[in-house]
Amino acid sequence: MSTMPPHTPRRPLSPHLQIWRWHTTMFSSILHRVTGSASVAGAILIAAWLVSLALGREAYTCFLSLASKPLGLLVWFGLSLAGFVHLTGGLRHLIWDTGTGFEPKKADQIALLTMVLGVVLTLAFWALLFASGKVTL
């Protein structure tokens, strides 16, 4: 006697993948979640900076020497990009909270605008840092 279930017809596991198309708001939603997670890493680095500051001159100098190297600056750039993109994504959600911008074309335009604005704000922030002499290579 077999305990196997009777033969069932073959069905797709994820039918939505066959009919769903990629769009800007989907990407911005995924990006918002990724940048939110990256911002947690940024918060941990800021906490490490504060701990090094509390530990004294040697620890702080060591942290600054690592953070100011090209790889460290790349990490800080990435974290600031994540922060600004997440911030502008949050502004998109605030717009949606007012009940506007849900039409597909308008939602895509707002999503694209927030991503571009996040990049522009990041570049402007780093341009100011380099122009002020606070950051050098």
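## Where valine 116 sits

Which helix holds valine 116? Valine 116 lies in helix H5. The model is predicted, and every value here is computed from it.

Is valine 116 buried, partly exposed or exposed? Its relative accessibility is 46%. Buried means under 20% and exposed means over 50%, so valine 116 counts as partly exposed.

## The nonpolar patch

Val116 also belongs to a nonpolar surface patch. The patch covers about 670 Å². Its other members are Leu87, Leu91, Leu94, Leu112, Leu117, Val120 and Leu121. Leucine and valine make up the whole list.

Two elements each give two or more residues to this patch. One is helix H4, spanning 70-97. The other is helix H5, spanning 104-132. Helix H5 gives the most, with 5 residues.

## Overall fold

The protein chain has 5 helices and 0 strands. Along the sequence, the pattern reads α-α-α-α-α. Helices H4 and H5, which supply the patch, belong to this set of 5.

Sequence-distant pairs feature in the contacts. Take the contacts with a separation of 6 or more: residues 24 or more positions apart account for 69% of them.

## Surface and burial

The protein chain has 137 residues, and 23% of them count as buried. Valine 116, at 46% relative accessibility, is partly exposed.

The accessible surface of the protein chain comes to about 10,300 Å². Carbon and sulfur atoms hold 73% of that surface.

Technical notes
Residues are numbered from 1 along each chain as its sequence is written. This is a predicted model: local features need pLDDT of at least 70, side-chain atom pairs count only at pLDDT 80 or more; totals for chains, interfaces and linings use all residues. Side-chain values use heavy atoms; hydrogens and water are left out. Patches are made of residues with over 30% relative accessible area and no salt bridge: like charges are joined within 9 Å, nonpolar side chains (Val, Leu, Ile, Met, Phe, Trp, Tyr) within 5 Å. Accessible areas come from the Shrake-Rupley method with a 1.4 Å probe; for residues, only the protein chains shown count as cover. A salt bridge is a side-chain nitrogen of Lys or Arg within 4 Å of a carboxyl oxygen of Asp or Glu. Helices (H or I, at least four residues) and strands (E, at least two) are DSSP runs, numbered from the N terminus. Buried means under 20% relative accessible area, exposed over 50%, partly exposed in between (1.4 Å probe, protein chains only). Contact means heavy atoms within 4.5 Å.
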